[in-house]
Amino acid sequence: HHAGMRRYLETGEGPLLGRRVELHAMRSDGSFIPVEVAITRLAHEGAPVFTAYVRDLSERHRTENALKTSEGRYTALFENILEGVYQTDHEGNLLTANPSLIRMLGFDDLDELRAAGAVEKLYVDSAERVRRLEELERTGELRNAELTLKRRNGTELVVLENARLVRNTEGGVLYYEGTLTDITDRKRAEQE
C-alpha cells in the first residue's frame, strides 16, 4: 500500500481514509483471514501519521454462514415437512403457508388459498374458531387441538393443531403460528 500512501502525500486523497474496508489479510502461516481496516490520519508535528485499526472478522463470517445454513435448513423443512405450517395475523389473514398445508386444503398455491378469504372460512364450525382463539389468547398456545376444516371442494378433514401466539415487546399480538396434522384417515379408521 506504499503507492496509496505516496498518492495521499502528493494529492491529499486516500481511497481508504475515513472508510471501513473489508480485506483479506495473510497470517504468518500463509492462511488468509477476513479483516476490517479503518485508516485515520493524525497530524503529528506537522508530518502526517496514519493509524490503521484492523479487526478480525473470522468469527462474524462464521456466524453469518451458520445463520445462512440454518436458514436454508429451516426453508427446506418448511417446504418439505408433511405437516401444514402457517402464520396468520390477528384478523385471521394468512401470512405464510407451506406447500403441505396448501395441498391439504385442496389449493394449488398460496395466492389461491389467500384469495379464498380469511381463515375462518376454512372452519366447518365458525364457533370452534372463536373458542380456539380465546384459548390461544388465554394460554398462549394450543396443544393437539382436534378440529374439522373444509377443503376447497367442500369435503371435510380432521386435523390436530399445535399453535402459539407471538407477541411484540409491548405484549400486543404480532401473529399466530402453528402446524396442522391431517388425521382424517386415522379418525375414519377409528370410527369404522
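**Close-up 1. R188 and D185 on helix α6.** R188 is partly exposed at 44% relative accessibility; that class lies between buried (under 20% relative accessible area) and exposed (over 50%), using a 1.4 Å probe and protein chains only. This is a predicted model, where local features need pLDDT of at least 70, side-chain atom pairs count only at pLDDT 80 or more, and totals for chains, interfaces and linings use all residues. Residues are numbered from 1 along each chain as its sequence is written, and side-chain values use heavy atoms, leaving out hydrogens and water. R188 pairs with D185 through a salt bridge, N to O 3.3 Å; the term means a side-chain nitrogen of Lys or Arg within 4 Å of a carboxyl oxygen of Asp or Glu. D185 is exposed at 58%. The two residues sit three apart in helix α6 (residues 184-191), so about one helical turn separates them. Helices are DSSP runs of H or I with at least four residues, numbered from the N terminus.

**Close-up 2. E141 and R143.** A salt bridge joins E141 to R143. Their closest N and O atoms are 3.3 Å apart. E141 is partly exposed, at 34% relative accessibility. R143 reaches 62% and counts as exposed.

**Close-up 3. D125 and R131.** These side chains form a salt bridge with an N to O distance of 4.0 Å. D125 has a relative accessible area of 34%, making it partly exposed. R131 is also partly exposed, at 48%.

**Close-up 4. The R20, E36 and R55 network.** Salt bridges link R20, E36 and R55 into a network. The structure holds twelve salt bridges.
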